[in-house]
Amino acid sequence: MMMRSQISFVFLVLPCLGLVTLSLCLGFVSAASSLPQPNKLTWHYYKIHNTCHEAEIYVRHQVQLLWNKDKTITPKLLRLLYSDCFVTGCDASVLLDGPNSEKTAPQNYGLGGFVFIDKVKSVLEQRCPGVVSCADILNLAARDAVHLAGAPSYPVLTGRRDGLTSSKSSVDLPSPSISWQAALTYFKSRGLDVLDMTTLLGAHSMGKTHCRYIVDRLYNFNNTGKPDPSMERSFISDMRKLCPPRTKKGQSDPLVYLNPGFGANHTFTESYYSRVLSHKAVLGIDQQLLYGDDTKEITKEFAAGFEDFRKSFALSINRMGAYQVLTGNQGEIRKNCRIPNKK
């Protein structure tokens, strides 16, 4: 039996009682008003502190402009947020340039969205110089982008400051082929639980991945010379047409949708969970959700109820966004998200 307390902004505690009653529990939780409140972060921080009243409006406007042109910005920003928060905390260290910065780590191959964050930052520097952190911009922009794709628009607590360093040696993001047990251990090390993990993996309803991350499942699962037995046979055939065996150096590495059949729509839906139940998940870690009792129960719940998934996503992404944040006099407010300020 799993327990989680959700704390609203009026400090009302709402207990979540058990996975089998997840839909009932989430029915009491309003994604617009009931979120965990991390220490030292504040709702409408820039307005309350009279430093940049319209900061969130500026970010939202820029996201809308770009999303109208390029809807792939949503999965790009979600991955960028995950890659930032899960390494040294939500401090925008992943945005820093450098020959050995986090963005150069193998796990961050194909990471995007940097130019867009630069654009938002330049707008905010014109309106409110030296005030809004890159870490807050990333969290706000991801929220606005995923809302445009179909997720709820949830309050983002702000007041984060930016980290001073970035090192690829600190990047310990796990392989997309690990077991659900290993994934859960990793999520727990970041202060998240099984509901958070299963919920946040639902972001794979959008976006693409490179074939390099799935060819083992298609051709040589666990060095058996055979495909992953958990994959539906016709799905293996379909994916092999898109991802040929990697047999030589310098071979092309095509991109494939994480949610075939729905990915091109760039919408936030529960269809990801239906694919997992049908043994048609692209990434190994996604298919692994069927092999834990709790993860399987949550997957079934979300496949049957989109609103449950939407509300849980709002709560879990806020919990992720509060991991090891810098506040007060820690870190700095970068003027350029790609480089630390000059001392």
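**Packing, core and open space in the predicted model**

The buried residues of helix α5 pack against α3 (55-69), α4 (73-88) and α6. Those buried positions in α5 are F114, F116, I117, V120, K121, V123, L124 and E125. The model described here is a predicted one, and α5 makes a convenient place to begin reading it. Helix α5 covers residues 114-127, and its 14 residues should span 20 Å at 1.5 Å a residue; the end C-alpha atoms are 20 Å apart, so the expected and computed spans agree.

Stepping back to the whole chain, the protein contains 14 helices and 6 strands. Of its 343 residues, 54% count as buried. Contacts across the sequence are well represented: among contacts between residues at least 6 apart, 74% join residues at least 24 apart.

The largest nonpolar core holds 90 residues, and within this core L77, L80, L95, I117 and F313 touch the most other members. Helix α6 (residues 134-148) gives the most to this core, with 9 residues. I117, one of the well-connected core members, is also among the buried residues of α5. For F313, the partners beyond four places in sequence are L78, V146, T199, L200, A203 and F268.

The next topic is enclosed space. Rolling a probe the size of a water molecule over the atoms shows where empty space is left. A search of the whole structure finds 2 cavities of 30 Å³ or more, and the largest cavity holds about 60 Å³ of space. Its lining is made of L81, N139, A142, R143, Y154, V156, R160, I317 and N318. The elements that give two or more residues to this lining are α6 and α14 (306-320). Helix α6 gives the most to the lining of the largest cavity, with 3 residues, and α6 is likewise the leading contributor to the largest nonpolar core. By class, the lining of the largest cavity is made up of 5 nonpolar, 2 polar and 2 charged residues.

G321 shares some of these neighbours. This glycine lies in the segment after α14 and is buried, with a relative accessible area of 0%. Not counting residues up to four places away in sequence, G321 touches C85, C90, N139 and R160; N139 and R160 are also among the residues that line the largest cavity. The C-alpha atoms of G321 and L157 are 164 residues apart along the chain, yet they are separated by 8.6 Å.

Open space is represented by the pockets. The largest pocket contains about 1100 Å³ of space and is lined by 42 residues, of which R79, Y82, H204, K208 and L258 lie nearest its centre. At least two lining residues each come from α4, α7 (180-188), α8, β5 (208-210), β6 (255-257) and α14. The largest share, 6 residues, comes from α4, a helix that also packs against the buried residues of α5. Sorted by class, the lining of the largest pocket has 25 nonpolar, 14 polar and 3 charged residues.

The second largest pocket has a volume of about 160 Å³. Lining this pocket are K40, Y45, Y46, H49, T51, V131, G159, R160, R161, T327, G328 and I333. These residues divide into 4 nonpolar, 5 polar and 3 charged. R160 appears in this lining and again in the lining of the largest cavity, and R160 is in contact with G321 as well.

Two further residues offer a contrast in exposure. T198 lies in helix α8 (residues 194-200) and is buried, with a relative accessible area of 0%. Leaving aside neighbours within four places in sequence, T198 is in contact with Y273, L289, T295, I298 and T299. The C-alpha atoms of T198 and A183, 15 residues apart along the chain, are separated by 10.0 Å.

S170, by comparison, is found in the loop between β4 (157-158) and α7 and is partly exposed, with a relative accessible area of 27%. Beyond four places in sequence, S170 is in contact with V87, T88 and E102. The C-alpha atoms of S170 and E102 are separated by 7.3 Å, although their positions lie 68 residues apart along the chain as a sequence separation.

Note on methods: Residues are numbered from 1 along each chain as its sequence is written. This is a predicted model: local features need pLDDT of at least 70, side-chain atom pairs count only at pLDDT 80 or more; totals for chains, interfaces and linings use all residues. Side-chain values use heavy atoms; hydrogens and water are left out. A nonpolar core is a set of buried Ala, Val, Leu, Ile, Met, Phe, Trp, Tyr and Cys residues joined through side-chain atoms within 4.5 Å. Buried means under 20% relative accessible area, exposed over 50%, partly exposed in between (1.4 Å probe, protein chains only). Helices (H or I, at least four residues) and strands (E, at least two) are DSSP runs, numbered from the N terminus. Contact means heavy atoms within 4.5 Å. The expected span of a helix is 1.5 Å times one less than its number of residues. On a 1 Å grid over the protein atoms alone, a cavity is a set of points where a 1.4 Å probe fits but cannot get out, and a pocket is an open set with protein on both sides within 12 Å along at least five of seven lines; lining residues have an atom within 4 Å of a point. Grid points are joined across faces, edges and corners, and a volume is the space filled by probe spheres set on the points. Ala, Val, Leu, Ile, Met, Phe, Trp, Tyr, Cys and Pro count as nonpolar, Asp, Glu, Lys and Arg as charged, and the others, Gly among them, as polar.
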